[in-house]
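Me: Please take a close look at a single part of this structure, the nonpolar patch on the surface, and then set it beside the nonpolar core and the neighbouring helix. A connected account would be appreciated.

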Amino acid sequence: MSQRYGGKYSPGARPGPKGQAAPLRSSRPARAGARVNLMFLLPFVLPLTAFRQGPVGLSADLVAFGLLLLSAWLTREGEKAHEAWEARSIARRPAIPRKIFGSVLAGLGIGLAAWAPGTGVVAPILLGALGAGLHLIAFGPDPLSDKGMEGVDSFQTERVATAVAEAEKHLTAMREAARPIADREIMDRLDQFATTARAMFRTVENDPRDLTASRRYLSVYLDGARAATAQFAHVYGTTRDARARADYLSLLDELDTRFSQKSETLLSNDRSRMDVEIEVLRERLAQEAPRG
């Protein structure tokens with residue numbers, strides 16, 4: 001469905017909340033971009049040539065086709081997991097090294113595609129090894145270690161990870177619910193709110209002690225926002241009620257402001273804790289200083 005173009009300087013544009021961050025301030029290019037998508041296209045050369053061969057060659061090319069497609073899918077999922085790992089200050093390594101497995105499957109697929117009945121296996125093995133190596137160099141290995149986990153209570157970290165994962169599901173559900181109405185401004189405002197909410201997620205991840213103070217935001221408020229978005233999409237998609245649209249945009253503005261204020265409060269609390277720790281350490285150093 002087409003969307004009407006609109007932007008900051010377009011006619012009828014609404015100003016966002018005061019003090020909001022620029023939309024691209026925290027943006028970065030997606031790791032799973034065009035080069036990963038190209039991997040899904042290249043294997044389709046094999047079915048075009050497979051049916052010109054005998055049964056053995058046909059089977060080999062079709063199996064190679066499947067291996068290369070599976071390699072592309074694992075690589076794309078591995079890039080997404082790597083991107084999520086990089087975005088967090090505290091993160092566990094992916095449970096499955098998808099990109100490494102993708103490199104192995106790419107090597108097997110290339111070697112099998114290069115093999116032909118009645119020929120040797122040395123050249124296909126070399127080509128497969130070269131393909132696997134180039135794949136690993138191009139996309140890099142998966143994160144193989146945890147990040148920022150030194151001295152962190154694993155139980156608290158698991159609680160934060162679970163809460164953030166549920167909150168991310170609410171954000172995704174909000175965007176999917178609003179997508180059918182095809183309103184560019186609504187989608188842009190949802191993306192802006194998601195950026196603000198994720199900034200708070202990162203703050204909680206950096207200090208799991210903030211989870212108790214922010215749990216209502218991560219669960220109750222986001223769940224209510226998801227339900228409100230679904231109801232708005234149903235009403236506006238049917239009636240195109242301008243008042244309903246204005247009310248929903250006002251809700252997004254208020255949510256954005258509240259989450260931004262909560263993030264500032266959490267950061268202020270973190271600073272207060274740091275000041276207390278510094279003061280306590282200074283007092284201990286002063287007490288233990290050698291007397292002249």
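Reply: In this predicted model, L130 is found in helix α5. L130 belongs to a nonpolar patch on the surface, together with I110, L127, L134 and I137. The accessible area of these residues together is about 480 Å². Helix α5, which spans residues 122-139, supplies the largest share of the patch, 4 residues.

Helix α5 also takes part in covering another element: α5 and α3 (55-87) are among what covers the buried residues of α4. Helix α4 runs over residues 98-114 and has 17 residues. From its first C-alpha to its last, α4 reaches 24 Å, close to the 24 Å expected at 1.5 Å a residue. The buried residues of α4 are K99, G102, S103, L105, A106, G107, G109 and G111.

The patch may be set beside the largest nonpolar core, which has 32 residues. In soluble globular proteins, nonpolar side chains tend to be buried together. Within this core, the residues that touch the most other members are L171, M174, I186, L190, F193, F201 and F259. Two or more core residues come from each of α6 (154-178), α7 (184-206), α8 (211-239) and α9 (242-288). Of these, α7 gives the largest share, 9 residues.

L190 offers a detailed view of the contacts in this region. Leaving aside residues up to four places away in sequence, L190 touches M174, R175, A178, Y248 and L252. One of these partners, M174, is itself listed with L190 among the core residues that touch the most other members.

Note on methods. Residues numbered from 1 in each chain as written. Predicted model: local features only at pLDDT ≥ 70, side-chain atom pairs only at ≥ 80, totals over all residues. Heavy atoms only, no water. Patch = residues over 30% accessible without salt bridge, like charges linked within 9 Å, V, L, I, M, F, W, Y side chains within 5 Å. Areas by Shrake-Rupley, 256 points an atom, 1.4 Å probe, with all protein chains shown as cover. Salt bridge = Lys/Arg side-chain N within 4 Å of Asp/Glu carboxyl O. Core = buried A, V, L, I, M, F, W, Y, C linked by side-chain atoms within 4.5 Å. Buried < 20%, exposed > 50% of the residue type's maximum accessible area, 1.4 Å probe, protein only. Contact = heavy atoms within 4.5 Å. Expected span 1.5 Å × (residues − 1).
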